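Thanks for taking a look at this one. Please open the sequence and the coordinates side by side, and the report will walk through them with you.

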Amino acid sequence: MDLRRHAPTVVGAAALLHALNGRRPFATRGPFALPSFGFGLAASELPLQHAAAYAVGTGVASARARDRGAMAVGAALATAAVATAAASRRRMESASEIVDAALVDALGTAADASPRMAPRTAELPLLPTPRVHRRHVHDERVIYGEYGRRTSLDIWRRADVRPDAPVLIQIHGGGWVSGDQEVQAYPLMSHLVERGWVCVAATYRLAPWSRWPAQIHDVKRVIAWTRDNVAEYGGDPSWLAITGGSAGGHLVSLAALTADDPALQPGFEDADTRVGAAVPFYGVYDWTNRTGAWGRDFRFFLERFILHPDTADVEETLRNASPLSHVRPDAPPMLLIHGDNDSLAPVADARAMVAAMQATSNAAVGYIELPGTQHAFDLFGSERTAAVVRGVGRFLEHVHARRETVCPQGAGPQ
């Protein structure tokens with residue numbers, strides 16, 4: 001087989017498959033969900049850049065092939081790929097309207113009075129590069145726990161940050177088995193830092209080396225440490241917000257709904273671990289699979305890699321580890337964010353959590369569901385991410401400014 005001759009067809013076909021999977025993932029459950037996510041995320045969030053790459057790649061292959069038939073087929077496939085990418089780009093344009101509608105649903109007419117942020121207060125980073133990290137991180141690998149680097153955090157702030165700045169804690173994802181405080185949530189933290197916030201990006205012990213509930217213990221410890229120490233970095237310890245994506249979304253939701261639970265604060269039972277607001281991105285809210293959205297492989301993963309092998313009552317442990325089990329009237333204000341194309345965390349899980357929160361909580365509950373959006377979409381500073389980041393900033397600044405009336409008893413300023 002003459003590979004050079006057929007290269008335009010192969011490249012064009014690969015481009016079309018990539019674009020189609022970016023627009024709608026080929027798999028959202030089962031063993032192919034992770035490859036589908038990895039193959040489609042960048043195409044979903046950077047469609048114009050990929051459209052250019054499809055055209056250039058097929059053009060280069062055609063120039064080398066010099067076979068008119070293969071060139072025609074490759075051009076047709078590349079054209080379809082570019083058209084698919086363009087359709088993905090057009091779908092992004094609804095993000096700002098969706099975010100605005102979600103804020104009105106959560107805050108009522110008060111949302112109209114919340115600050116209207118410029119589209120880009122500062123240029124959002126397209127990628128989480130070391131340059132962005134160096135620009136915003138003034139205190140790196142600060143130890144908050146007793147496990148060295150695995151219990152460390154970075155302080156994001158401006159050099160000229162004013163005293164008593166509002167504070168956001170960021171908890172990374174990674175399926176409870178990977179990740180650290182670098183790479184994730186750069187667009188959101190960059191945006192808030194430029195607006196005068198202090199952001200605390202923390203890591204935690206990972207499974208399977210440290211089994212559940214070590215992860216939630218560490219997140220609680222981060223909250224307690226931040227309240228005790230953030231004033232040294234210019235932050236206001238009286239009101240803390242918390243955010244995180246994927247496994248981090250699970251952890252921040254659970255932490256927000258189990259404030260001051262001594263069972264989750266071994267050795268620091270009396271520490272104040274309340275938060276004034278929580279913003280989970282594409283989180284996992286139910287380990288017991290009450291919606292049936294998860295496949296059987298998720299339960300196997302939890303039992304095999306996350307829970308301790310000697311767990312006495314697996315069902316009770318899974319239930320207690322689920323934020324959905326802890327929804328309560330005095331929950332802090334929450335804004336949940338999810339994409340309907342999520343290959344790793346089913347959107348049905350988020351919808352169930354939102355429904356329970358809105359039926360039970362006395363505080364503001366917002367939900368942003370983004371069409372055509374994959375898991376971890378905010379890794380890139382895309383137009384969609386920019387709209388969401390501005391919305392999250394508006395929500396947090398509104399709740400922070402009105403916390404005495406918006407926050408429920410026990411979840412407001414301390």
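What follows goes from the whole chain to its aromatic rings and then to a few individual residues.

## Ground rules

This is a predicted model, so keep the thresholds in mind: local features need pLDDT of at least 70, side-chain atom pairs count only at pLDDT 80 or more, and totals for chains, interfaces and linings use all residues. Residues are numbered from 1 along each chain as its sequence is written, and side-chain values use heavy atoms, with hydrogens and water left out.

## The chain as a whole

The chain holds 14 helices and 8 strands; these are DSSP runs numbered from the N terminus, with helices being H or I of at least four residues and strands E of at least two. Its radius of gyration is 22 Å, close to the 22 Å that the globule rule gives for 414 residues, so the chain is as compact as a globular protein of that length. That radius is taken over C-alpha atoms, and the rule is 2.2 Å times the number of residues to the power 0.38. Along the principal axes, the C-alpha trace spans about 75 × 50 × 40 Å.

Of the 414 residues, 57% count as buried. Here buried means under 20% relative accessible area, exposed means over 50%, and partly exposed is in between (1.4 Å probe, protein chains only). The accessible surface comes to about 17000 Å², with 54% of it belonging to carbon and sulfur atoms; the areas come from the Shrake-Rupley method with a 1.4 Å probe, and for residues only the protein chains shown count as cover.

Among contacts with a separation of 6 or more, 79% are between residues 24 or more positions apart, where contact means heavy atoms within 4.5 Å.

On the charge side, there are 41 positive and 43 negative side chains, and the centres of the two sets lie 9 Å apart. Lys and Arg count as positive and Asp and Glu as negative, while His and the chain ends are not counted. Each charge is placed at NZ of Lys, CZ of Arg, CG of Asp or CD of Glu.

## Aromatic rings

A pair of aromatic rings is described by the distance of the centres and the angle of the planes. Rings of Phe, Tyr and Trp (its six-membered ring) pair if their centres lie within 6.5 Å; planes under 30 degrees apart count as stacked, over 60 as edge-to-face and the rest as tilted. By this rule the chain has 10 aromatic pairs.

One of them is W156 with Y186, an edge-to-face pair at 5.0 Å centre to centre and 70° between the planes. This pair links distant parts of the chain, since W156 sits in strand β2 (residues 152-156) and Y186 in helix α7 (residues 186-194), 30 residues apart. W156 is buried at 0% relative accessibility, and Y186 is buried at 3%.

A tilted pair is formed by W225 and Y233, with ring centres 6.1 Å apart and planes at 35°. W225 is buried at 12% relative accessibility, as is Y233 at 14%. Elsewhere, W176, W212 and W287 form one aromatic cluster.

## Loops and backbone geometry

The loop between β4 (198-202) and α8 (214-229) contains P208, and P213 is found in that loop too. Both prolines follow a cis peptide bond: from A207 to P208, omega is near 0°, and from W212 to P213, omega is near 15°.

Three loop residues are set out here with their relative accessible areas.

| Residue | Loop | Relative accessible area |
|---|---|---|
| G30 | between α1 (3-23) and α2 (33-45) | 27%, partly exposed |
| D260 | between α9 (247-257) and β6 (277-281) | 31%, partly exposed |
| N289 | between β6 and α10 (296-306) | 26%, partly exposed |

D260 has a phi near 60°, a positive value in a residue other than glycine. N289 is not a glycine either, and has a positive phi of about 60°. As for G30, its C-alpha atom is separated by 9.6 Å from that of L344, 314 residues apart along the chain.

## A buried aspartate

Which residues is D349 in contact with, leaving aside its neighbours within four places in sequence? They are G283, V284, Y285, D286 and W294. D349 lies in helix α12 (residues 347-360) and is buried at 2% relative accessibility. By contrast, D349 and A65 are 49 Å apart in space, C-alpha to C-alpha, and 284 residues apart in sequence.
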